[in-house]
Amino acid sequence: MTYTPNHSPCVEQNHPQFKELDQYIESLHLSPDDPRRKDTLIMTLHRAQEIFGYLPEIVQLHIAKKYSISHAEVSGVISFYNFFTTTPKGKIQVNVCLGTACYVNGANKVLQEFEQVLGIKSGQVTADGKFSIESLRCVGACGLAPVVTINHKVYGKVKPGDVREILEKFFIEEDKDVKEVSHA
Amino acid sequence: MINLTIDGQLVSVPEGTTILDAARKLNLDIPTLCYLNLEKIKYLNKVASCRICVVEVEGRRNLAPSCATPVSEGMKVITNSKRVLSSRRKNLELIISNHPFECLVCAKSTDCELQKLVWEFGINTQRYTGERSEHPIDRSSGALKRDPNKCIMCRRCETMCNEVQTVGALTAFGRGFNTVVAPAEMNPIVTSACVYCGQCVSVCPTAALTGVGYIKETWEALFNPKKHVIVQVAPAVRVAIGEEFGMEPGLPVTGKLVAGLRRLGFNAVFDTTFGADLTIIEESKEIIERIEDGQDDLPILTSCCPGWINFLEHQFPDLKYIASTCKSPQQMTGAIVKTYYAQKMGIDPKDVVVVSVMPCIAKKYEAALPSEQTYGIRDVDYVLTTREISKMLKEGSVNLNHIQDEDFDNPLGFSSGAGVIFGGSGGVLEAALRTVYAKMTGHELEDVNFTSVRGMAGIREAEIQIGDRTIRVAAVSGLGNARKVLEKIQRREERYDVIEIMACPGGCVNGGGQPYAEERDEIIEKRMHGLYQIDRNSRVRKSHQNPAIQALYEEFLGEAGSKKAHEILHVTGLMSESVECHH
């Protein structure tokens, strides 16, 4: 989804995802004259990424307009945080923690196993758009190291041998699970 | 007042003063790099990112950046201790460890503030080598060149673009060592909100932001015997180019510049000021028609400045329709050269090359727009900045200090004082008022000086009595100020009849293509005074009294606003359909 200046805003107005985002933004009662309106920008970006799965330019422009700030400013904030992504992720997002505690407990081997089973590298999406893998740094559950999160679910003390079993569930009950997780 | 000592000297300064400013009061020149204060245009960059201005403050563990540290009572500051000097040197050496060593062939060489500091510090070796950032160079706009490899993250451009101009084209993208100042999503600048005002170029300490150059293309045209090469010179160039030859800022060097350009081999040297007079004839007709007809499409907004027109299109598309449809003086001059002049000389317009010398970066972008053509031929082929033409003069062995004045060529060489003042903020409005007054009342003005619309203030408003009508006008410079005025118009809080808007604070005298000057407040004013001086000494001070313009209408265009005038001198279809949602 690339934005061109001639892109019709009608798409945004009738789109359920944009409607959801707008409802959230409206609840913030932004005032264009308030210099502190930007305080909530990161929260809104979080929400937008939850809704859309990623932050494409059309979403960035939409948010910039709502906040009366430039697209560049929104883009700059997004680029600063690893958490935000501007490329689509899979419906099922596998995040392997490579923070210190997880790493020393063999998280890199867990990551390798996910890569092998799904046939993609970290940062990539499977061809059917279903799975993506990312590595991240510390989710604050070091006691459970190594930690893997899949969408909103946390898996602790994961061993390479557990990977197939974890994924099996997503392969089999795919439709049900996808729905559950994407609207979690 | 706060009392403190700096290097053992007592000084009293008002509360809130920075150590840097207090030191300057004592004539202590603490070196700076990222810091920049241009008071007249309300520009202040003190992000304290370069750490070149650090000083030692007694009782503090860390060195303090003097540009961003306010003074306090009894403070004891040392600006040149061993620790200070070695820290500054180390910081500078670290900055240049990630900077290309290509000063010899760099566009900014001898005007580079980084180079100057390195030279002043006597750094003669590259002490640190390490990872280097590598980014593609962006020439996508054909106007503004971005070379992020030369960026030192001083953030001056961001402050200019976002705070003063409120364009919002640039951001710091990424994090840590990989951060790069770029448009949103690191997209090519041509797809961004950039308007090419070039004010970022004026404040960039290095060559990270410059103009896209057309010197090579111009020389090639000049040495091509099949081409008839015309040059036109904008008003603001003549009061600034002297600086490149060591002359006093603001000194008008019109005759010398004309002579110099002729030495370079241009077949004719014309004056963009002629095009400015022509703009006034066409625009004043529009102004009078709109004032007399109705109120719906007022105020009329001037269209001479392409940076401003770009801003209008990007940021206020709903107001696009109230802008004048007149092409800018650069484009009008080019169009008349390729129609009237070519016809008169019996030359095929395809063999005519129009080069213009402009104080501007946006003019490069404007000249390449598809709408800026006449009968399918580009009005202007190459746009050079004041800086570029001074390089060509130097390469072509022309020293403006040692050349006799010469006159512009005819028929596009005669111009009025009204045309010349286009180069400063308020000038277009004043020039238009001189003509509008005469056309609306049937009387000529005795005193042509509308001093209320002159000056450096960002927004200047006035009420002008024309016959039994009072018209409300404003002269605005700097796009942040333009935004304020346009928002008032959108909210219908203010009513104006005519508004002149220039993208650069102060107008073209402070254009993005003018000679570099770090602290330029005073220089801009001197250039502006130079323009008014030319106007004062002009034989003709009203555009409609310019005999060359009168002849052009008699011989070629018919009357102001004629069908032919519209075909050649106005834009149609430039304003793309605005996107509205009807659901």
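A disulfide here is a pair of cysteine sulfur atoms within 2.5 Å. Keep that cut-off in mind for the first view; everything shown comes from a predicted model.

**View 1. Cysteines without a bond.** Search the whole structure, over all chains, and you come up with zero disulfides. Take A:C102: its closest cysteine sulfur sits in A:C97, 3.5 Å away, and because a disulfide needs the two sulfurs within 2.5 Å, that is too far for a bond. A:C102 is also tucked away, buried at a relative accessible area of 3%. A:C138 is in no disulfide either, with the sulfur of A:C142 as its nearest cysteine sulfur at 3.8 Å. Unlike buried A:C102, A:C138 is partly exposed, and its relative accessible area comes to 42%.

**View 2. The second largest pocket, lined by chain A elements.** Now for some empty space: this pocket has a volume of about 1500 Å³. It is lined by 50 residues, and the ones closest to its centre are A:Q49, A:G53, A:F83, A:K89 and A:Q93. Several elements of chain A chip in with at least two lining residues each: the helices α2 (16-27), α3 (41-52), α5 (71-80) and α9 (174-182), plus the strands β1 (92-97), β2 (131-136) and β4 (153-155). Helix α3(A) gives the largest share, six residues. As for chemistry, the lining splits into 22 polar, 18 nonpolar and 10 charged residues.

**View 3. Helix α9 of chain B, mostly covered.** This helix runs over residues 306-315, and seven of its 10 residues are buried. Reading along α9(B), the buried ones are B:P306, B:G307, B:W308, B:I309, B:N310, B:F311 and B:L312. What do the buried residues of α9(B) pack against? Their partners, also in chain B, are two helices, α11 (362-367) and α15 (479-490), and two strands, β14 (300-301) and β21 (498-502).

**View 4. B:T32, a buried loop residue.** Look in the loop between α1 (19-25) and β3 (36-38) of chain B and you'll find B:T32. Is this threonine, B:T32, buried or exposed? With 14% relative accessibility, B:T32 counts as buried, since the cut-off for buried is under 20%. Leaving aside residues up to four places away in sequence, B:T32 touches B:L20, B:R24, B:I52, B:C53 and B:L117. Of these contacts, B:L20 and B:R24 fall within the range of α1 (19-25), the helix on one side of the B:T32 loop.

Definitions and conventions. Residues are numbered from 1 along each chain as its sequence is written. Chains are lettered from A and ligands numbered from 1 in the order in which they are written. This is a predicted model: local features need pLDDT of at least 70, side-chain atom pairs count only at pLDDT 80 or more; totals for chains, interfaces and linings use all residues. Side-chain values use heavy atoms; hydrogens and water are left out. Buried means under 20% relative accessible area, exposed over 50%, partly exposed in between (1.4 Å probe, protein chains only). Helices (H or I, at least four residues) and strands (E, at least two) are DSSP runs, numbered from the N terminus. Contact means heavy atoms within 4.5 Å. On a 1 Å grid over the protein atoms alone, a cavity is a set of points where a 1.4 Å probe fits but cannot get out, and a pocket is an open set with protein on both sides within 12 Å along at least five of seven lines; lining residues have an atom within 4 Å of a point. Grid points are joined across faces, edges and corners, and a volume is the space filled by probe spheres set on the points. Ala, Val, Leu, Ile, Met, Phe, Trp, Tyr, Cys and Pro count as nonpolar, Asp, Glu, Lys and Arg as charged, and the others, Gly among them, as polar.
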